[in-house]
Amino acid sequence: MENKKLETAMFGAGCFWGVEDFYRKAKGVRETVVGYSGGFKPDPTYEDVCTDETNHAEVVVIKFTPVEISYKKLLEIFWENHDPTSQDRQGPDIGTQFRSVIFYYSSEQQRFAEASREMIDKSGKYRTKIVTQIAPAQQFWRAEDYHQRYYERKCILK
């Protein structure tokens with residue numbers, strides 16, 4: 001396989017098991033890792049994050065090949081696969097760890113994220129305002145091994 005430049009993206013859109021699963025299936029995504037970001041407690045555990053007192057979001061870090069999948073396409077996948085109008089909640093999961101958030105690694109990613117949020121907000125698709133946060137990428141803490149590739153291992157969505 002030829003050596004293709006990889007870029008990094010980070011998204012939080014509810015429980016990281018599902019978020020990781022829909023990105024893993026996208027052509028051009030080379031690697032996904034689930035974990036925690038956006039909080040203040042160093043090296044948090046799943047139990048710490050579940051207290052809703054660390055302010056971490058459950059996130060997935062994506063390594064992708066931009067010639068095969070663009071950051072804009074990753075944003076489309078993000079918007080299509082969760083409710084961006086739900087504050088600190090996705091389905092039955094409630095807490096700040098389940099918030100909708102885009103952590104960007106460059107000014108270009110920031111511009112694309114903000115433009116896509118504005119477009120979705122103005123599209124009329126949702127009756128209420130988009131609450132997705134857009135913030136600079138922060139320290140990422142890898143989640144415990146049993147969370148990595150969870151759906152794939154447990155055959156939930158195959």
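# Exercises on a predicted model

The accessible surface of the protein chain comes to about 8,600 Å², and carbon and sulfur atoms hold 50% of that area. The model is predicted.

**Exercise 1. Describe the overall build of the protein chain and decide how its radius of gyration stands against the globule rule.**

Step 1. Five helices and eight strands make up the secondary structure. Their order along the sequence is β-α-β-α-β-α-β-β-β-α-β-β-α.

Step 2. The globule rule gives 15 Å for 158 residues, and the radius of gyration of the protein chain is 15 Å, so the chain is as compact as a globular protein of that length.

Step 3. Along the principal axes, the C-alpha atoms fill a box of roughly 40 × 40 × 30 Å.

Step 4. Of the 158 residues, 46% count as buried. Among contacts with a separation of 6 or more, 75% join residues 24 or more positions apart.

**Exercise 2. Find which elements supply the largest nonpolar core, and which gives the most.**

Step 1. This core has 29 residues; Phe11, Tyr23, Ile62, Tyr71, Leu74 and Ile102 have the most contacts inside it.

Step 2. At least two residues each come from β1 (7-13), α1 (16-24), β2 (29-37), β3 (57-64), α3 (71-80), β6 (100-104) and α4 (107-122).

Step 3. The most comes from α3, with six residues.

Step 4. Another core, of seven residues, lies apart from the largest one; Ala57, Val59, Phe103 and Ala135 are among its members.

**Exercise 3. List the buried residues of α3 and state what covers them.**

Step 1. The buried residues in α3 are Tyr71, Leu74, Leu75, Ile77, Phe78 and Trp79.

Step 2. An α-helix has 3.6 residues a turn, so residues three or four places apart point the same way. Tyr71, Leu74 and Phe78 are among the buried residues of α3.

Step 3. The cover over the buried residues of α3 includes β1, α1, β2, β3, β6 and α4.

Step 4. Neighbours within four places in sequence aside, Tyr23 is in contact with Phe11, Val29, Thr32, Val60, Ile62, Leu74, Ile77 and Phe78.

**Exercise 4. Locate Asp43 and Asp88, give the phi of each, and classify Asp43 as buried or exposed.**

Step 1. Asp43 is not a glycine, yet its phi is positive, about 45 degrees. Asp43 sits in the loop between β2 and α2 (46-50).

Step 2. The cut-off for exposed is over 50% relative accessible area. Asp43 has 54% relative accessibility and therefore counts as exposed.

Step 3. Asp88 also has a positive phi, near 55 degrees. The loop between α3 and β4 (89-90) holds Asp88.

How values were computed. Residues numbered from 1 in each chain as written. Predicted model: local features only at pLDDT ≥ 70, side-chain atom pairs only at ≥ 80, totals over all residues. Heavy atoms only, no water. Core = buried A, V, L, I, M, F, W, Y, C linked by side-chain atoms within 4.5 Å. Buried < 20%, exposed > 50% of the residue type's maximum accessible area, 1.4 Å probe, protein only. Helix = DSSP H or I, 4+ residues; strand = E, 2+ residues; numbered from the N terminus. Contact = heavy atoms within 4.5 Å. Rg over C-alpha atoms; globule rule 2.2 N^0.38 Å. Areas by Shrake-Rupley, 256 points an atom, 1.4 Å probe, with all protein chains shown as cover.
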